[in-house]
Amino acid sequence: MSKAAYEVVIVGAGIVGAACADEFARRGLQVLVMERDALASGATAAGMGHIVVMDDSEAQFALTRYSQRLWQELQPELPDNVEYEQCGTIWIAADEEEMEEVLRKHESYGKGGVPTEVCSAQRLKHLEPNLRDGMTGGLLVPEDGVLYPPSAAWFLIGRAQQHGAQLRLGASVVEIGQGRVRLRDGSEIRGDIIVNATGASAPELTPGLEVKSRKGHLVITDRYPGFLRHQLVELGYLKSAHSVSSDSVAFNVQPRRTGQILIGSSRQFGVEHKEVDQVILARMLERAQQYMPTLRGMLAVRTWTGFRAATPDKLPLIGSWPGDKSLFLATGHEGLGITTSLGTARILVDQIMATEPEIPIEPYLPSRTAKAYLRA
Amino acid sequence: MTRGLRRSFDVLVVGGGPAGLAASVRAAECGLRVGLVDDNPSLGGQIWRGETTQGGSDAAGWVERSSVVGVQALSGTRVFHYPAPGTLLAESEDEVYELSFQKLVLATGARERFLPFPGWTLPNVMGAGGLQALVKSGLPINGKRVLVAGTGPLLVAVAAWLRRQGANVLAICEQASWFSLARFGAALLHHPQKLGQALSLRGQLAGVRFLTSCWPMAAQGSDKLEAVVLSRGERVVCDFLACGFHLVPNTELAQLVGCQTRGGCVQVDEFQQTSCAGVFSAGEPTGIGGVELSVVEGQIAGLAAAGRRQEAVRHFQQRKKVQGFAKALDRAFGLRQELRTIARPETIVCRCEDIAYHHLAEHKSWRVAKLQTRCGMGPCQGRICGPATEFLFHWNPDSVRPPIFPAQLEHLAWIGCSGECGAG
Ligand SMILES: Cc1cc2nc3c(=O)[nH]c(=O)nc-3n(C[C@H](O)[C@H](O)[C@H](O)COP(=O)(O)OP(=O)(O)OC[C@H]3O[C@@H](n4cnc5c(N)ncnc54)[C@H](O)[C@@H]3O)c2cc1C
Ligand SMILES: Cc1cc2nc3c(=O)[nH]c(=O)nc-3n(C[C@H](O)[C@H](O)[C@H](O)COP(=O)(O)OP(=O)(O)OC[C@H]3O[C@@H](n4cnc5c(N)ncnc54)[C@H](O)[C@@H]3O)c2cc1C
C-alpha cells in the first residue's frame, strides 16, 4: 500500500473540521481533510446556526464569547449565502424566578464584557410582539447572531483549499492513531498530526471517548417576514435542556433571512435512529405554541433531526489525546459547535504550533476525561 | 382552534382519483369499513374531477357506487404525516384527522414534470394540467391564444379540452419525434378504447398545428408572457403557454410509509402490495399508465386489501392488457437530450427558493445542492425542481421527511393517541 504523508490529517468535514482545516492551512501547514459522506452533512447540516454566548460555566462563556468575536471579525469576508445576521438573542423569562436568572446573566455577561439589556415585559412585547402576553421580561444580547451552517462550513473549507488544503470526500476512515489513518478500502495515509473531528461519531475512531449522541429535532416554517426579529430562547432551557437524564424540549426560535422561522429544540439520549419521533416533536411544537400562540396556524414546511456530541461536563474536547502524540481531538461541542468551531480551531492550532492562546485552554483538554479511561 | 378527529378503518385509501375510487368501492363491497381521503374539494382525481355529476360517465358511476356501499369520503383533506404504524395524519382547513387503518391503499396519482427554460417562471406560463385546472375554477380562456408544449398524451387532451372551452389553441409542440409517435400510434391499435379517444381528440383539434420534435426554447415578456420561441426558430405570440413534460408519480407518501421505490415508481407485487405488508398502491404511483390501468389496479388493490385474492386474480388479465399501453407511453415520450441544454446559467430552477441553474450545476448531488443552496427546500418540497434536476443533472432524490405537504404547525404537533399534548 502506498502511503501518502501530510503534516495534518483531519477526519470529518463538519464545521469543526472545516474550521480546523482553515486555521491549519492559513498558518502554513499541509492539510488533508477526509470526509466519509458529503461536506457538512452531519450535525452541521442539522444545526440551528445560532451564534450565541452562553454561561453555564466560566469555560463555556470564555469559548463562546471568544468564538463569537471571531465570527464578528470574519463577517466582512463571509459570502452572502452564509446569511450571517447579528439579530441578537432574547432570553425569555416567563416568571419571577427566571427573571432573577435574567439579572444574574446580565451581571455575569457584563463582567465578561458582553453588552446586554434587561427588558421589562413591555419592552419585550415591543421587541417581539408575537410573544404571548404575560411574560415577565427578558435579556437582550445584541451581539449574538445567526448563520446558515452548511454554507459557513463550505466557505471555511474553500478558504482552506485556497491555502493548499486538500479535501477528500467519500473517504471512510476506520482507524486512526500513531501517525496513521486507515481507510475502509484498506489504504493508509500518514500524518504527523491527526485530528478526530467526527462529531458524535468520534468514539468510533477513538474508543474510550466519553462522547454520547444527543438527538435533536427542528422544524422550519414557510416564509413569514417580520414575524420574528431575534433568536428567542426560554430560560426554562437552563432547567430542562441540560438535564442529562431525560428527554427535554425548550422554546427556541430563530428568524431566517428568508422570513422562515426555525423552531427548536429537543434533546434525547439513547436514540440512534434519525427518524422524526412524533411524541417529542409534538412536545417541542406545543412548547413553542405556548410562547408564541400565533405559530399555531403557520405552515410547517420541513422537519429534521441531528445528533449533538455530548460530553459529561458539557465542555468540548480540544487537544491532544493522552497516550498518542499524533492524535488530537476536536469534538464534544454538543449544541454549540457552530458557534465554537472558530474558537476550537484557534486553540487547537495554538496548542500544536505552541503559540499563545487567547483564552485558557485547560478546561477543554481531553486529558481531563481521559484519566478515568486510562486508569480503567 | 383546531378540532382533532379520530377515525378508524379496515381499509384506508389515499387519493380519490380513478384508482382510489375503484379500490375503495371494491373493498367496501366486501363489507369492510373503508375511508377515502382526497385533498380536493370533490372526488375524481385529475381526470374525473368535475365529471362526477355527469350521468352515465365512468366517473359518476364509481362515485355513485362508492356512496351506495358506504365508503366514507373525506374530501378537501390532505394526508401529511405517518406518525406511527397504522396511523396517518391528515388536515382539512380547520381540522386535523388521525386516521388509523388495518390496510392502506396509496393511490396518490401523479403530477406534471416541469423543465426549466428561460422565461418559464413568467406569469401565464403554466402546466398543461395546471391551466386546465385554473380554467375549471373560473379563469376566462375564451378567445385567448394558447400554445401547448412539452410532451405526453396530456398535451393533446388538454389542448382539445381548452379548445372546447373557446380557447384559440395555436399549436401543440411535442418534443417526441414523429417516428416515436407513429410507433405509439401503432401500439394504440392494441388498445381500441385509447385509439378511439386519440382519434376523437384529433378530430376536435382539426386545424391546430401539431409540431413534432419541437419544444420551447424561451418564453418572452416583460411582466407576463408575450411570446414563445420554439426550437425550430419560430416565435409565437400568445397569451398562455401550457407546458408540461409528461408525468411523475407521486411517491412521497409511499416513501414516508417505508415502501420501496424503483425508477421513481412504487414497487408492487401482483396483488398491488408494496414492500410493506398490508400497504398497497394503485394507479400512477406505480407507473404512468392512464386511467384504465388506474381503475383496474385500484380494483385489484381494493380486493386484495380486503383479503379477496381469488377475486383480485380475475382482473390480472385485464391489467396485463392495459399495461402494454403504459410501456408504449414510456417509450414514446422519453425526454430528448437537447432538453438538458435549454436552461441558461441564470435560469431559475427552484422557484420556491429562487435558485438558478448555475448555482446548482457546481454541485455533485441533490443532497449537497440542497444543503448548500436550499434548492427543493421551499413549500413545494422539491416536487417541481426535484424531477427537473433528476433529468438535468442525473441526481437521485433524497429521503422523504414529514410533513410531506406543508401542514399547520398545530396539526403537525397532533398527538391524539396519548392525548398529553394534542392540538385544541
Ligand atoms: C438540532 C440541533 C441544533 C443545534 N443548534 C445549534 C446552534 O444553534 N448553535 C450552535 O452553535 N450549535 C448548534 N448545534 C450544534 C452543532 O450543530 C454541532 O455542534 C456542530 O455541527 C458539530 O460540528 P462537527 O464538525 O463537530 O460535527 P459534524 O457536523 O457531525 O461533522 C462530523 C463529520 O465527520 C464525518 N465522519 C464521521 N465519522 C467519519 C469517519 N469514520 N470517516 C470520515 N468521516 C467521518 C461525518 O460524516 C461528518 O460530516 C445544534 C445541533 C443540533 C443537532
Ligand atoms: C395535472 C394533470 C392533468 C391530467 N389531465 C388529464 C386529462 O385531461 N385527460 C387524461 O386522459 N388524463 C389526464 N391526466 C392523467 C390522469 O391523471 C390519469 O390517467 C388518471 O387520472 C390517474 O388516476 P389515479 O387515480 O392514479 O390518480 P389521480 O387521478 O391523480 O388521483 C390521485 C388523487 O390523490 C390525491 N392525493 C395525492 N396525495 C394526496 C394526499 N397526501 N392526501 C390526500 N389526497 C392526495 C390527488 O390530489 C388526486 O386527487 C392528468 C394528469 C395530471 C397530473
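## Strand pairing between the chains

In this predicted model, β16 of chain A and strand β22 of chain B, the latter covering residues 407-408, run antiparallel and are joined by 2 bridges. Within β22(B), B:A407 serves as the bridge partner of A:A300.

## The interface of chain A with chain B

The contact between the two chains involves 28 residues of chain A and 23 residues of chain B. On the side of chain A that touches chain B, two or more residues come from each of α6 (149-162), β12 (212-223), α9 (278-291) and β16 (299-310). The strand that carries the bridges to β22(B), β16(A), is thus listed among these contributors. The greatest contribution to this side is that of α9(A), which supplies 7 residues.

By residue class, the side of chain A that touches chain B comprises 16 nonpolar, 7 polar and 5 charged residues.

## Domains of chain A

Chain A is divided into two parts: domain 1 takes in 5-47, 149-210 and 313-375, while domain 2 takes in 87-142 and 212-310. The centres of domain 1 and domain 2 of chain A, taken over C-alpha atoms, are separated by 29 Å.

Between the domains of chain A, 12 residues of domain 1 are in contact with 11 residues of domain 2. On the side of domain 1 of chain A that touches domain 2 of chain A, the residues divide into 6 polar, 4 nonpolar and 2 charged.

Conventions: Residues numbered from 1 in each chain as written. Chains lettered and ligands numbered in written order. Predicted model: local features only at pLDDT ≥ 70, side-chain atom pairs only at ≥ 80, totals over all residues. Domains from an automatic or database assignment. Contact = placed C-beta atoms within 7 Å. Nonpolar A, V, L, I, M, F, W, Y, C, P; charged D, E, K, R; others polar. Helix = DSSP H or I, 4+ residues; strand = E, 2+ residues; numbered from the N terminus. Pairing = 2+ DSSP bridges.
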